[in-house]
Amino acid sequence: MCALIERHPGKFESESCITKVAYDWLIDGMADEYGSTEEGTPDIFYGPFTDATSDNPICDECLAEILSAKEIRLWESNDGFVTTEVIE
Ligand SMILES: [Zn+2]
């Protein structure tokens, strides 16, 4: 587990800081496609994410992962937990 997310328990519990970063993008209206919590479809962000991390604290491990990602999918459950899947 990356170090940063340990400071974000609850909503992002046991997720990497990529989840926190992607959720911040979602709040900022930066998703390329919006999903539906009720239908269980994800919000989708398309890479490359080469300059997307400049405003976000992110650990080296997650930075390497996000830089090689083609797509990030984010799901928010009905009880408010957020998970992501990174597509490389
Ligand atoms: Zn991390």
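Let us start at one residue and work outward: Pro42 is buried, because 20 other C-beta atoms lie within 10 Å, and a residue counts as buried from 20 such atoms upward. This proline sits in the loop between H1 and S1. Setting aside its neighbours within four places in sequence, Pro42 is in contact with Gly35, Arg73, Leu74 and Trp75. Trp75 is 33 residues away from Pro42 along the chain, yet their C-alpha atoms are separated by 4.8 Å. Please keep in mind that this is a predicted model.

How confident is the prediction? The protein averages a pLDDT of 86, and 86% of the residues score at least 70. Among the elements, S1 has the highest mean pLDDT, 98, and H2 the lowest, 89. As a word of care, where pLDDT is low, the predicted coordinates should not be read in detail.

Now for the overall plan. The protein has two helices and three strands, and reading along the sequence gives the pattern α-β-α-β-β. Of its 88 residues, 23% are buried. Among contacts with a separation of 6 or more, 48% are between residues 24 or more positions apart, and the pair of Pro42 and Trp75, at 33 residues apart, has a separation in that range.

The strands are a good place to go next. They make an open sheet with the order S1-S2-S3 and antiparallel pairing. Strand S1 (43-46) and strand S3 (82-87) stand at the edges with a single partner strand each, so each has one side without a neighbour in the sheet. From one strand to the next, the twist averages 20°. In general, strands of a sheet pair through backbone hydrogen bonds, either parallel or antiparallel.

Take the pairing of S1 with S2, which is antiparallel and runs over four bridges. You can follow it residue by residue: Ile44 has Arg73 as its bridge partner in S2, Phe45 stands opposite Ile72, and Tyr46 stands opposite Glu71. As the numbers rise in S1, the partners in S2 include Arg73 for Ile44 and Glu71 for Tyr46, in keeping with the antiparallel sense of this pair.

Which residues of S1 point to which face? The side chains alternate. Asp43 and Phe45 point to one face and are buried, whereas Ile44 and Tyr46 point to the other and are not.

On the other side of the pairing order, S2 and S3 are also antiparallel, over six bridges. Glu76 in this pair has Val82 in S3 as its bridge partner. The hairpin of S2 and S3 has five residues between the strands, and Gly80 there takes a positive phi near 90°. Another glycine with a positive phi, near 75°, is Gly29, which follows H1.

What does H1 pack on? This helix packs on the sheet, touching S1, S2 and S3, and its direction makes about 100° with that of S3. The buried residues of H1 are Cys17, Ile18, Thr19, Lys20, Val21, Ala22 and Trp25. These buried residues pack against S1, H2, S2 and S3. It helps to recall that an α-helix has 3.6 residues a turn, so residues three or four places apart point the same way.

Several of these H1 residues belong to the largest nonpolar core, which has 13 residues; Ile18, Val21, Ala22, Ile66 and Ile72 touch the most other members. Helix H1 (17-27), helix H2 (60-67) and strand S2 (71-76) each supply at least two residues of this core. The largest share, five residues, comes from H1. Ile72, one of the residues touching the most other members, is also the residue opposite Phe45 in the sheet.

Finally, let us visit H2, where Leu67 has its place. Leu67 is partly exposed, because 13 other C-beta atoms lie within 10 Å. Not counting residues up to four places away in sequence, Leu67 touches Phe49 and Thr50. Gly47 is 20 residues from Leu67 in sequence and 8.4 Å away in space, C-alpha to C-alpha. The peptide bond from Gly47 to Pro48 is cis, with omega near 5°, and Pro48 is found in the loop between S1 and H2.

Notes
Residues numbered from 1 in each chain as written. Predicted model: local features only at pLDDT ≥ 70, side-chain atom pairs only at ≥ 80, totals over all residues. Core = buried A, V, L, I, M, F, W, Y, C linked by C-beta atoms within 7 Å. Buried ≥ 20, exposed ≤ 12 C-beta atoms within 10 Å, placed from the backbone. Contact = placed C-beta atoms within 7 Å. Pairing = 2+ DSSP bridges. Axes fitted to C-alpha atoms, helices over the stretch in contact; angles between N-to-C directions. pLDDT = per-residue confidence, 0-100.
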